[in-house]
Amino acid sequence: MSPSKLDSTDSFGHEEASVSCSKPENGCVDSLSIFHSEKAVEELLQQTPVAGMDEHLIEFSEALRTVAKALRRAAEGKASAQAEAAEWKWRYELERTRNIQMEQKVSGNNNCEMLRHWWIRSSLDNAMDMLRIMLPCLFFWEVGKEQNKRIAEARMAEQFSAEKNGDLDCERVKNSDNQSMLQNESNEHSETGCMKHGIWSHEVLRDRESDSNSNADRNKIMRKASFKLSWWCNGENGDQHKHDIVSFERGNITTAERSSKQISLKWESDPQTVLILTKPNSVSVRILCVQMVRWLRERKKLNVYVEPRVKVELLAESSNFSYVQTWKDDSEISHLHMKVDLVITLGGDGTVLWAASMFKGPVPPIVPFSLGSLGFMTPFHSEHFKDCLDSVLRGPISITLRHRLLCRVVRDAAKNEYETEEPFLVLNEVTIDRGISSYLTNLECYCDNSFVTCVQGDGLILSTTSGSTAYSLAAGGSMVHPQVPGILFTPICPHSLSFRPLILPEHVTVRIMVPFNSRSPAWASFDGKDRKLLAAGDALLCSMAPWPVPTACQVDSTNDFLRSIHDGLHWNLRKTQSFDGPRDRDL
Ligand SMILES: NC(=O)c1ccc[n+]([C@@H]2O[C@H](COP(=O)([O-])OP(=O)(O)OC[C@H]3O[C@@H](n4cnc5c(N)ncnc54)[C@H](O)[C@@H]3O)[C@@H](O)[C@H]2O)c1
Ligand SMILES: Nc1ncnc2c1ncn2[C@@H]1O[C@H](COP(=O)(O)OP(=O)(O)OP(=O)(O)O)[C@@H](O)[C@H]1O
């Protein structure tokens, strides 16, 4: 932001310290610069006899003082609120430890173990709810809540597995209906670098209605196959791996071995249930779907789920498809991840987006077959579907963990940033644009509450690296390998010669606000769908979601990505210059 200098000479013509008010080109002033300006004004006031001052300068300094006081109060308020949050968090930890200790006295058997796990989880949830109610204003604490909850649950899982291996001789819950409570295990880095424990968290973004059905559904859940994610080192498919560490030996900051390469999925028990999602209104897709469902059932003895629309199409084809399962209403979709071991998509990139949008939490591995035009995220060819599915069901398979963005709309009327509307998960991007308005957008952008810029143009795209080859690319953003963690910040037709796209780190929270001096509202759309109006004062919060979309690779993440930009976009496809012609003899 380039500060603009206010020249100030007193009525006696004396040169004085200039008052610097950091005022960026795009008209937004941030709190820090106000502090500096007020300080400068204070100095000026001390140096210059009041009598000689211009009226406007006195008013200006008064205004600055008022604003600075307000900001200071806000900062103090936030600090005390955070101290209070820290104390509540400490009490919550104490309560949780006490619960676990109390429960450890309970004798070990399956029912009691399940009861124990359920009881701790419910007290964990109750504690969280209590905190959530008591401290709604602490959005920042809230942002950390997900991480805290996951850390708390991972610690609980460690405690749980330690107890099981120690005094509780009962085995890991194998045939209980709540096997789904055991999420497919995903690795966490630990000192030995190997997977140590599964993550029990099965929280999903769910609305009130589906919540009420969750208990009923939970009793109907079939056994889910578990799998293990591991990182390959230098091509070998081993469990040992190095991960990024920064060592400070003898004061020298060095980055050790680069983290390992490809992520690999290895089944620990055979997959039992497959969900097939198809692009609508396509004859070729329908023909393939019939063949695939029959093969999966008759040759692989798998349970097959399809969407209600597809079940009707299959039964129209033949009544022999009565074994195919589906769901009655959308409320059942939120529990699909507890029933389905694998998702197969038959269509283009949009069908992969559609599949991802069906899971508002953990996503089962997806095997995308290409029946669209571009196929950036659909590496498998339908001609060889039997060989492909054979190797996928056998494993291990290379997968790309495609990170998603969690987007929440905070209305101006909301009491705090915690009070958001139904969240959206996007695999490609969230777009904030001017919709049908003929005016430029005017969007104030913040990154972890640091002011970034005002976007004046057609809009802004916040994209994942998977979406970097979609709308963001068309708007001038870079193409980024899907495993690179980051959030792409790409303007759409900005009315400024100096605006260039950014790539922000994946751990930040981006806030896009429609200022009150904006001439028109803005519109947010999520993976090109579900447009939502953003009026003046409304804001969109965007951060990395904890539930990536695992998509199977034809070869591996890098090979598949390079193939897709070569084949899909003909990236840097150019005739090679002929050999004959002038040469640099003397080089
Ligand atoms: N000007 C543009 O390029 C533009 C405009 C609107 C939407 N889009 C993209 O379309 C996506 C929605 O896709 P859809 O299939 O539901 O709608 P759609 O049927 O309109 O498809 C849009 C095109 O985008 C391609 N695409 C989608 N995701 C991609 C990705 N990750 N990498 C490369 N290409 C990708 C699709 O293959 C398709 O050809 C949006 O998320 C947005 O990224 C692009
Ligand atoms: N199961 C589904 N139900 C409803 N809509 C779907 C489903 N699968 C895909 N769609 C929608 O259909 C549209 C087209 O899907 P898709 O993009 O896969 O095909 P395509 O556009 O022909 O291929 P490509 O995206 O490669 O150009 C997308 O907008 C997508 O949102």
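Ligand 1 has 16 residues around it, and the closest are Asp349, Asn428, Glu429, Thr469 and Lys529. Keep in mind that this is a predicted model. Besides the ligand site, here's a quick look at how helix α6 (residues 283-298) packs against helix α9 (residues 385-394) and against helix α7 (residues 308-317).

**Ligand 1: polar contacts**

- Lysine 529 brings a polar side-chain atom to 2.9 Å from an oxygen atom of ligand 1.
- Tyrosine 471 joins in through its backbone, with a polar atom there 3.2 Å from a ligand oxygen.
- Glycine 350 also uses a polar backbone atom, sitting 3.4 Å from an oxygen of ligand 1.

**α6 against α9**

- The axes of α6 and α9 are 11 Å apart and meet at an angle of about 45°, which makes α6 oblique to α9.
- As for handedness, α6 and α9 cross in the right-handed sense.
- On the α6 side, the contact uses Leu288, Gln291, Met292, Trp295 and Leu296, while α9 puts in Phe385, Lys386, Leu389 and Asp390.
- Sorted by type, the residues of this α6–α9 contact come out as six nonpolar, one polar and two charged.

**α6 against α7**

- Here the packing angle is about 80°, with the axes of α6 and α7 11 Å apart, so α6 is roughly perpendicular to α7.
- Arg286, Cys289, Val290 and Val293 of α6 touch Val310, Glu313, Leu314 and Glu317 of α7.
- That α6–α7 contact splits into five nonpolar and three charged residues, with no polar ones.

How values were computed:
Residues numbered from 1 in each chain as written. Chains lettered and ligands numbered in written order. Predicted model: local features only at pLDDT ≥ 70, side-chain atom pairs only at ≥ 80, totals over all residues. Heavy atoms only, no water. Axes fitted to C-alpha atoms, helices over the stretch in contact; angles between N-to-C directions. Helix = DSSP H or I, 4+ residues; strand = E, 2+ residues; numbered from the N terminus. Parallel < 35°, antiparallel > 145°, perpendicular 65-115°, else oblique. Left-handed = near helix turned anticlockwise from the far one by under 90°. Contact = heavy atoms within 4.5 Å. Nonpolar A, V, L, I, M, F, W, Y, C, P; charged D, E, K, R; others polar. Near = heavy atom within 4 Å. Polar contact = N/O pair within 3.5 Å; in protein donor to acceptor, adjacent residues only side chain to side chain.
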